[in-house]
Amino acid sequence: MLQYRPFEEIINHPGLRIVLVQGTPSPWGQAAKTIFEIKGLDYVAAPWLPGEPNAEIVAWGGEASAPVVAWANEKPINRWIDILYLTERLAPQPSLIPSDATERALMIGLSHEICGQMGIGWNRRLELFAPAYVSGNAPANIHRMGSKYGYNEADAKAAGVRIAGSLKALATQLKSQYARGVHYFIGEALSALDVYWTAFANLLDPLPAEQCPMPETRRQAFAVTDPVVRSALDPLLLEHRSRIFREYFRNPMEL
Ligand SMILES: N[C@@H](CCC(=O)N[C@@H](CS)C(=O)NCC(=O)O)C(=O)O
């Protein structure tokens, strides 16, 4: 059971720590947390208040966003791929990174399409910020987040088509796997890509309240209406998300 500790308490903790966006299913953090749990890694967590300055955490982690992860007295890290490789070092089994170089390249490439710069998470966030900007009176925290996460009109306009492109690549790969009877994105077993897709799908088609107890207003905002994106959201992708969630995620999600 996730119990948030005050940030001060985790700074000098000797083991694995994570700062998580509190109260909303922020996918970068939920994916990192779930990878810890799949690998049986004990960890302690502190809350990041979304949209707030969180100055102490920024001073410690050097990054104005969450998750921030730290191990022992090593430098805190925040990028999804660095966090994944740390967990592989701390608990090599079960491995979530394919040992075959070609499969690994495909896994990391498709994971970037979800978690990386200009990936699904990045573009979906631009879509979520757009209405406030278009209204001409975006509140301060949206302005702060928008400038932090690269909001501009051109990229916001292109976001839907870019998300659809990434979804089509994911659907093509998943269909080829299911066609040969393997219900994972890559290779023969669970990889980090299955975890990332399951966590980030909440930004397009949120899980029901009993599985993901997020504020109702946020759920309505997260459910994508853009027809370009909806048409690329293949039903197999959502079926896969629900199966991986049931088999590998804590249910309900801990926010
Ligand atoms: N550092 C992560 C990205 C993390 C990220 O974008 N976090 C956002 C999620 S929306 C966040 O912290 N939002 C809350 C805030 O900025 O206050 C990576 O590069 O892989």
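# Pockets, bridges and burial

Q: By class, which residues make up the lining of the largest pocket?
A: In this predicted model, the lining of the largest pocket has 20 nonpolar, ten polar and five charged residues. The volume of this pocket is about 1000 Å³. It is lined by 35 residues, and the closest to its centre are Ser-26, Trp-28, Arg-125, Met-145 and Tyr-149.

Q: Which elements give two or more residues to the lining of the largest pocket, and which gives the most?
A: The elements are H2, helix H5 (101–115), helix H6 (120–135), helix H7 (140–148) and H10. The most comes from H6, with five residues.

Q: How many cavities of 30 Å³ or more are there, and what lines the largest cavity?
A: The count comes to one cavity of 30 Å³ or more, and the space in the largest cavity is about 60 Å³. Its lining consists of Trp-28, Ala-31, Ala-32, Ile-35, Phe-36, Trp-80, Ile-83, Leu-84, Thr-87 and Tyr-196. Helix H2 (27–38) and helix H4 (80–90) are the elements that give two or more residues to this lining. H2 provides the largest share, five residues.

Q: What is the make-up by class of the lining of the largest cavity?
A: The lining has nine nonpolar, one polar and no charged residues. Thr-87 is the polar member, because Thr is not among the residue types that count as nonpolar or charged.

Q: Why is the contact of Lys-33 and Glu-37 called a salt bridge?
A: The N to O distance between their side chains is 2.8 Å. A salt bridge requires a Lys or Arg side-chain nitrogen within 4 Å of a carboxyl oxygen of Asp or Glu, so this pair qualifies. The two residues are four apart in helix H2, which means that about one helical turn separates them. Both Lys-33 and Glu-37 are buried. Together with Arg-250 and Glu-254, they are linked in a network of salt bridges.

Q: How do you know that Asp-82 and Arg-79 form a salt bridge, and is Asp-82 buried, partly exposed or exposed?
A: The closest N and O atoms of Asp-82 and Arg-79 are 3.7 Å apart; the limit is 4 Å, so the pair counts as a salt bridge. Asp-82 has a relative accessibility of 34%. Since buried means under 20% and exposed over 50%, Asp-82 is therefore partly exposed.

Q: What makes Arg-219 and Glu-216 a salt bridge, and how is each residue classed by accessibility?
A: Their closest N and O atoms are 3.0 Å apart, and that value is within the 4 Å limit, so the pair is a salt bridge. Arg-219 and Glu-216 are three residues apart in helix H10 (residues 216–222), about one helical turn. At 13% relative accessibility, Arg-219 is under the 20% cut-off and therefore counts as buried. At 42%, Glu-216 falls between 20% and 50%, so Glu-216 counts as partly exposed. A search of the whole structure finds 16 salt bridges.

Q: How do you know that Cys-115 is in no disulfide?
A: The nearest cysteine sulfur, that of Cys-212, is 17 Å away from Cys-115. A disulfide needs two cysteine sulfur atoms within 2.5 Å, so the separation is too far for a bond. The search of the whole structure finds zero disulfides.

Q: Why are Cys-115 and Cys-212 called buried?
A: Cys-115 has 4% relative accessibility and Cys-212 has a relative accessible area of 0%. Both values are under 20%, so both cysteines count as buried.

Q: Where does Ala-45 lie, and why is Ala-45 called buried?
A: Ala-45 lies in strand S2 (residues 44–48). Its relative accessibility is 2%, under the 20% cut-off, so Ala-45 counts as buried. Ala-45 and Ile-18 are 27 residues apart in sequence, while their C-alpha atoms are 4.8 Å apart in space.

Q: How do you know that the radius of gyration of the protein chain agrees with that of a compact globule?
A: For 255 residues, a compact globule would have a radius of gyration near 18 Å; the protein chain has 18 Å, so the two values agree. The C-alpha trace spans about 50 × 50 × 35 Å along its principal axes.

Q: How many helices and strands does the protein chain have, and what share of its residues counts as buried?
A: The protein chain has twelve helices and three strands. Of its 255 residues, 54% count as buried.

How values were computed: Residues numbered from 1 in each chain as written. Predicted model: local features only at pLDDT ≥ 70, side-chain atom pairs only at ≥ 80, totals over all residues. Heavy atoms only, no water. Buried < 20%, exposed > 50% of the residue type's maximum accessible area, 1.4 Å probe, protein only. 1 Å grid on protein atoms, 1.4 Å probe; cavity = no way out; pocket = protein on both sides within 12 Å on 5 of 7 lines; lining within 4 Å. Points joined across faces, edges and corners; volume = space filled by probe spheres on them. Rg over C-alpha atoms; globule rule 2.2 N^0.38 Å.
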